[in-house]
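Open the model in your viewer and get ready to select a pair of packed helices. We will begin where they touch and then follow each one outward.

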Amino acid sequence: RARINDEVIRLALQRLAQVVIDDGTSSGLKYSSARALLAHQKPEFNSGATLAPINGEGAAERFVRLAPLLDESYLVVQGPPGSGKTWALARAVIECVIAGQKVGLCAFKHETLKSMVDAIVEALNDPTIAARMKNSSTNLRIIRKIEKDEKPADETFSVTEVDKPGDMLEAMESNSHQVFAGTAWVFTDEKTPVLDVIFIDEAGQMSLATAVAVATSSQSLVLV
């Protein structure tokens, strides 16, 4: 069986390694979220937020609240199947977009990416979320890089599917979309613009090396 070409991932790791060699592992510099994760630093948030729950909120609600407040840091979310991680992830992504952020969605499998996109679209039908979107005058459009042998679905108001990496890069550089879904190959390309945050779903299926390589294209990182 032919070996998968992972050169772009290896090159992203080389760029990260060179920065760490030159500057150390401290955060607040280039690739800060990847470096904070490697250094096991505590997550840092804007607006004085901490990991502590407020007002008796549950873990899912805390995740949704904290995700858009990440300050060039990382957040790890754990829970058994059926604990509501996908429900919370979809709403956390929407809150990041409402906060004006450009968001990446990454996963080891294309099927996981599609499930993430479907969950976000479903969440947009929640009356409470729909009202928040309307009140904030927020647009939320998703673009997903599909597999080579997968046929793009008809474009909808919310979702665009493309089969060329160049189309993803073009969308990232413009304001045509706010959420970008793809595998590690999309986010480790040196030409990929830096996003505000990238969510990696089913992160346990992805090696730490690949996860930190993906993080080189984001200011903050969420591992679910």
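Start by selecting Ala60, Phe63 and Val64 in H3, then add Lys85, Trp87, Ala88, Leu89, Arg91, Ala92 and Glu95 in H4: these two sets are in contact (heavy atoms within 4.5 Å). Helices here are DSSP runs (H or I, at least four residues) and strands are E runs of at least two, numbered from the N terminus. Colour the contact residues by class and you get 7 nonpolar, no polar and 3 charged; Ala, Val, Leu, Ile, Met, Phe, Trp, Tyr, Cys and Pro count as nonpolar, Asp, Glu, Lys and Arg as charged, and the others, Gly among them, as polar.

A word on the source: this is a predicted model, with local features needing pLDDT of at least 70, side-chain atom pairs pLDDT 80 or more, and totals for chains, interfaces and linings using all residues. Residues are numbered from 1 along each chain as its sequence is written, and side-chain values use heavy atoms, leaving out hydrogens and water.

Now show H3 (residues 59–66) and H4 (residues 85–98) as cartoons: their axes, lines fitted to C-alpha atoms over the stretch in contact with angles from 0 to 180 degrees between N-to-C directions, come within 8 Å and cross at roughly 25°. The two are therefore roughly parallel (under 35 degrees).

Next, pick Phe63, Val64 and Leu66, which are buried in H3 (under 20% relative accessible area, 1.4 Å probe, protein chains only). Around the buried residues of H3 you will find S1, H4, S6 and S7.

Move to H4, where 11 of 14 residues are buried. Finish at Gly100, which follows H4 and has a positive phi near 85°.

Methods:
Parallel < 35°, antiparallel > 145°, perpendicular 65-115°, else oblique. Buried < 20%, exposed > 50% of the residue type's maximum accessible area, 1.4 Å probe, protein only.
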